[in-house]
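Please open the model in a viewer and keep the sequence panel visible. The tour below proceeds by selection, with a remark on what each selection shows.

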Amino acid sequence: LHSFPTRRSSDLKLPNDLIWEKYPILFPLKPLFNAIKSNNVKLFKSLINYNAQWLNKIHLLSLYKQLINPIRINNLQKISMNYPKHIIPINIIANINNEPITSTECYISQMINGGKVRGYISHSHCVIVLSKQSPFQV
């Protein structure tokens with residue numbers, strides 16, 4: 001039951017407000033999904049840390065930690081709209097997600113390797129170069 005909202009989040013479809021009324025036991029998860037809806041990485045991480053003990057108790061902590069990736073992908077998509085040449089400085093992405101540049105490079109490389117993003121990282125120029133045609137998995 002607790003994993004129901006995560007099944008929908010893997011497709012970037014978030015539960016609507018009716019689920020919180022229908023399943024009140026899930027109410028502690030509502031702020032997490034509001035953070036996903038607002039694409040707020042910093043808030044999401046703090047809520048994961050705050051709820052870590054409870055999520056670990058129900059054996060879902062690692063699953064919920066993976067939900068940060070849709071937030072990062074959404075932020076990257078929004079940023080890419082402002083860069084028509086599909087060359088995005090990594091420090092811009094790091095600033096928006098409020099993360100260090102090294103961890104930003106790490107998760108971008110994981111998204112590229114996982115097929116979520118098409119492109120490459122240029123370490124010499126400290127940028128990500130996205131594919132001009134369909135840079136994001138549909």
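**From the sheet to the cores**

Begin by selecting Ser122 and Val127: the latter, in S3, is the bridge partner of Ser122. The model in view is a predicted one.

Extend the selection to S2 and to strand S3 (residues 127-130), which are joined by four bridges in the antiparallel sense. Next, add the remaining strand to display an open, three-stranded sheet with antiparallel pairing and the order S1-S3-S2. Strand S1 (87-89) and strand S2 (119-122) occupy the edges; each has a single partner strand, so one side of each lacks a neighbour in the sheet. On average, and with direction ignored, neighbouring strands here are turned by 20° against each other.

Now select helix H9 (residues 101-113), which packs on the sheet and touches S2 and S3. The direction of H9 makes about 155° with that of S2.

Turn then to the largest nonpolar core, which has 19 residues. Among those with the most contacts inside it are Leu29, Phe33, Phe44 and Leu55. Two or more residues come from each of helix H2 (18-22), helix H3 (30-37), helix H4 (41-50), helix H6 (61-65) and H7. A second, separate core comprises 14 residues, including Ile73, Leu76, Ile108 and Phe136.

Centre the view on Leu55. Which residues does Leu55 touch, not counting those up to four places away in sequence? They are Leu29, Leu32, Ile48, Leu60, Leu61 and Tyr64.

Finish at Asn69, in helix H7 (residues 68-80). Asn69 has a relative accessible area of 30% and is therefore partly exposed. From Asn69 to Val41, the C-alpha distance is 9.3 Å, with their positions 28 residues apart in sequence.

Terms used: Residues are numbered from 1 along each chain as its sequence is written. This is a predicted model: local features need pLDDT of at least 70, side-chain atom pairs count only at pLDDT 80 or more; totals for chains, interfaces and linings use all residues. Side-chain values use heavy atoms; hydrogens and water are left out. Buried means under 20% relative accessible area, exposed over 50%, partly exposed in between (1.4 Å probe, protein chains only). A nonpolar core is a set of buried Ala, Val, Leu, Ile, Met, Phe, Trp, Tyr and Cys residues joined through side-chain atoms within 4.5 Å. Contact means heavy atoms within 4.5 Å. Two strands pair if DSSP finds at least two bridges between them. Axes are lines fitted to C-alpha atoms, for helices over the stretch in contact, and angles run from 0 to 180 degrees between N-to-C directions.
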